[in-house]
Amino acid sequence: EHFTPREVIELMVNLLIAPDDDALSVPGVVRTVMDPACGTGGMLTAAHDLITRLNPDATVRVYGQELNPESWAICRSDLMIKGQDPENIAFGNSFTEDGHKGAQFDYLLANPPFGVDWKKVKEEIEREYETLGESGRFGAGLPRINDGSLLFLQHMISKMKPVTPDGKGGSRIAIVFNGSPLFTGGAESGESRIRQWILENDWLEGIVALPDQLFYNTGISTYFWILTNRKSPDHRGKVILLDARDYWAKMRKSLGDKRKYLTQEHIAEITRLYAEALHVAADPEHPLH
């Protein structure tokens, strides 16, 4: 378990929500945000704050699920103080006791535990995989037992809103991963099949490589994966790969393994580069790299 530094949350929420600036400025807009590993609710609060900053008239409803009873209680209390419904924060394991079964959301974001095994819930997950197949959450495949990261992503994908024939609806997802979901598993492995499923459905919008030593309890390199089921026509069949590993400042005093941080200037610049990449991807004259 690891807390997500505030500046990392801010950047992640920017990349998740900034491309929707126009839609979010509509008067009376209502948006739902969900985090299936919500901890004390930091990401949900940041998403709420950014949307309402873009549009003070917007209504933002936040939902989450948390396994740790202390974190769950803190999250509920914090959201209650902020005028949110604490009943929207479910307690329990997202994989085996889905607290938002059948629900769909506009935005989904998470920083699931890195490299945590799913031995304790193996039977239930394998049962869902075998009995429900593609009508369940894990039909694309199961990753190796010692890393449940891609299970979280499949769980989130199952909660995307469908896109209507007139192009409305759809969802956006942002998730923090280490390198494992990118690189592990050879051809025909569970990981490889999950990646193939995501690419064949054209859900992967971009991957952003972040500096190492950003997190409190691990010095490893991390990545944001951004997914959506409503890519613009110009962006279909393309994936943004943004290398932001050189955007960091040194902490005056390290906090555990955290020796680097992102300044407000870094956040603004990475957000701008990501938006620019979306723009470049849409330009038919621009050669693809």
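Biologist: What makes the contact of H1 with H9 in this predicted model, and which residues in H1 meet H9?

Modeller: From H1 come Glu-7, Glu-10, Leu-11, Asn-14 and Leu-15, which meet Gln-264, Ile-267, Ile-270, Thr-271 and Tyr-274 of H9. Sorted by class, the contact of H1 with H9 holds five nonpolar, three polar and two charged residues. The two charged ones are Glu-7 and Glu-10, because Glu counts as charged.

Biologist: Why is H1 called roughly parallel to H9?

Modeller: The two helices pack at an angle of about 20°, and their axes are 10 Å apart. Angles under 35 degrees count as roughly parallel, so H1 is roughly parallel to H9. The hand of this crossing is right-handed.

Biologist: H1 also packs on H3. Why is H1 called oblique to H3?

Modeller: Helix H3 covers residues 42-54, and its axis comes within 9 Å of the axis of H1, with a crossing of roughly 50°. An angle counts as roughly parallel under 35 degrees and as roughly perpendicular from 65 to 115. The value of roughly 50° fits neither class, and therefore H1 is oblique to H3.

Biologist: Is the crossing of H1 and H3 left-handed or right-handed, and what makes the contact?

Modeller: H1 and H3 cross in the right-handed sense. On the side of H1 the contact uses Arg-6, Ile-9, Met-12, Val-13, Asn-14 and Ile-17, while H3 brings Gly-42, Met-43, Ala-46, Ala-47, Leu-50, Ile-51 and Leu-54. These residues divide into 10 nonpolar, two polar and one charged. Gly-42 belongs with the polar residues because Gly is placed in that class.

Biologist: How do you know that H6 is roughly parallel to H8?

Modeller: H6 and H8, the latter formed by residues 190-200, pack at about 30° with axes 11 Å apart. Because the limit for the roughly parallel class is under 35 degrees, H6 is assigned as roughly parallel to H8. H6 passes H8 in a left-handed crossing. In this contact Leu-150, Leu-153, Gln-154 and Ile-157 of H6 meet Glu-191, Ile-194, Trp-197 and Ile-198 of H8. By class there are six nonpolar residues, one polar and one charged.

Biologist: What makes the lining of the largest cavity, and what volume has the largest cavity?

Modeller: The whole structure was searched, and one cavity of 30 Å³ or more was found. The volume of the largest cavity is about 40 Å³. Its lining consists of Pro-143, Arg-144, Asp-147, Ser-149, Leu-150, Ser-180, Pro-181, Thr-184 and Glu-191. Leu-150 and Glu-191 are thus named in this lining, and they also appear in the contact of H6 with H8. At least two lining residues each come from H6 (149-157) and H7 (180-183).

Biologist: How do the residues of that lining divide between nonpolar, polar and charged?

Modeller: They divide into three nonpolar, three polar and three charged. Arg-144, Asp-147 and Glu-191 are the charged ones, because Arg, Asp and Glu count as charged.

Biologist: Which helix gives the most to the lining of the second largest pocket?

Modeller: H9 does, with five residues. H1 (6-17), H2 (21-24) and H9 (264-281) each supply at least two. This pocket has a volume of about 640 Å³. Its lining counts 28 residues, and Asp-20, Arg-172, Arg-230, Lys-231 and Ser-232 lie nearest the centre. The classes in this lining are 10 nonpolar, nine polar and nine charged residues.

Methods. Residues are numbered from 1 along each chain as its sequence is written. This is a predicted model: local features need pLDDT of at least 70, side-chain atom pairs count only at pLDDT 80 or more; totals for chains, interfaces and linings use all residues. Side-chain values use heavy atoms; hydrogens and water are left out. On a 1 Å grid over the protein atoms alone, a cavity is a set of points where a 1.4 Å probe fits but cannot get out, and a pocket is an open set with protein on both sides within 12 Å along at least five of seven lines; lining residues have an atom within 4 Å of a point. Grid points are joined across faces, edges and corners, and a volume is the space filled by probe spheres set on the points. Helices (H or I, at least four residues) and strands (E, at least two) are DSSP runs, numbered from the N terminus. Axes are lines fitted to C-alpha atoms, for helices over the stretch in contact, and angles run from 0 to 180 degrees between N-to-C directions. Angles under 35 degrees count as roughly parallel, over 145 as roughly antiparallel, 65 to 115 as roughly perpendicular and the rest as oblique. A crossing is left-handed if the near helix is turned anticlockwise from the far one by less than a right angle, and right-handed if clockwise. Contact means heavy atoms within 4.5 Å.
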